[in-house]
Amino acid sequence: MHATIEEIEAEKSLIEDQAKEKMEKAIETVQANFNTVRTGRANPAMLDRIEVEYYGTPVNLKSIAQISTPDATSLLIQPYDKSSLKLIEKTIVAANLGVTPSNDGEVIRVTVPPLTSDRRKELSKTVAKLAEDGKVAIRNIRRDAIKAYDKLEKEKKLSEDNVKDLSADLQKVTDEYMKKIESIQKQKEQELMKI
């Protein structure tokens, strides 16, 4: 008893669509992680992971202050509540981002120094590792999808040939997502090399 083309397509679309959705999320995670790696330019995303102990509760800096980039080498942080200025300043210093905040009683200015070549190399390694983590996640998603196909084969819902074809299609999808990671990695490395 073999699966009809419709049944095969239904199984494929279910498993492959889920895999694509998860791979898409993996790419978003890699991109979000890349955004927190600082380049030579000031970028509010460098502060995305900063949590401030605000009235005893850790809150994201973006939720208690407006962050802007007046120019390529500085960030301007305007807290909605001026009493949190010192706290925000201390938290940024403690975050070890290689930047120096200064507080004038109204706003905090963060000057982003140019990257040294050693720091660029270090950050390139970080980017490579984040990209590798993304690739591992995508390989794991592929592996889980193939397991799902194999299970359907064991349950006699798909033939061995069906599974071979579906796995080949899945490999194409996987390759596509691997290329996406490589492309955003290259982009990030180029940003790092810009002075």
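# Two domains and their meeting place

Over residues 31-193 the chain is 56% helix and 18% strand, with 18 Å between the end C-alpha atoms. UniProt, in an unreviewed entry, gives this stretch the feature "domain: Ribosome recycling factor". Keep in mind that you're working with a predicted model.

**Exercise 1.** Work out how the protein chain is divided into domains, and how far apart their C-alpha centres lie.

*Solution.*
- Step 1: Start with domain 1, which is made of two pieces of chain, 5-37 and 116-194.
- Step 2: Now take domain 2, which covers 44-111.
- Step 3: Put a centre in each using the C-alpha atoms, and you get 35 Å between domain 1 and domain 2.

**Exercise 2.** Describe the contact between domain 1 and domain 2: how much area is buried, and which residues of domain 1 supply most of it?

*Solution.*
- Step 1: Find who takes part: four residues from domain 1 and four residues from domain 2.
- Step 2: Look at the area, since the size of an interface is often given as the accessible area lost when the parts come together. Here the two domains bury about 350 Å² between them, and 44% of that is on carbon and sulfur atoms.
- Step 3: Pick out the big contributors on domain 1. Asn 33, Asn 35 and Thr 36 supply 85% of what domain 1 buries against domain 2, more than any other three residues.
- Step 4: Sort the domain 1 side by class: one nonpolar residue, three polar and no charged ones.
- Step 5: Check for links across the interface. You'll find zero salt bridges, and one residue pair in polar contact.

**Exercise 3.** Find out how many salt bridges the rule counts, and look at the one between Lys 12 and Asp 169.

*Solution.*
- Step 1: The count comes to 16 salt bridges.
- Step 2: For Lys 12 and Asp 169, the N to O distance is 2.8 Å, and the cut-off is 4 Å, so the pair qualifies.
- Step 3: Place the partners. Lys 12 sits in helix 1 (residues 5-35) and Asp 169 in helix 5 (residues 160-193), so this pair, 157 residues apart, links distant parts of the chain.

Definitions and conventions. Residues numbered from 1 in each chain as written. Predicted model: local features only at pLDDT ≥ 70, side-chain atom pairs only at ≥ 80, totals over all residues. Heavy atoms only, no water. Domains from an automatic or database assignment. Contact = heavy atoms within 4.5 Å. Buried area = accessible area lost by both parts, 1.4 Å probe. Salt bridge = Lys/Arg side-chain N within 4 Å of Asp/Glu carboxyl O. Polar contact = N/O pair within 3.5 Å; in protein donor to acceptor, adjacent residues only side chain to side chain. Nonpolar A, V, L, I, M, F, W, Y, C, P; charged D, E, K, R; others polar. UniProt positions renumbered as here; feature names shortened; annotations may be inferred. Helix = DSSP H or I, 4+ residues; strand = E, 2+ residues; numbered from the N terminus.
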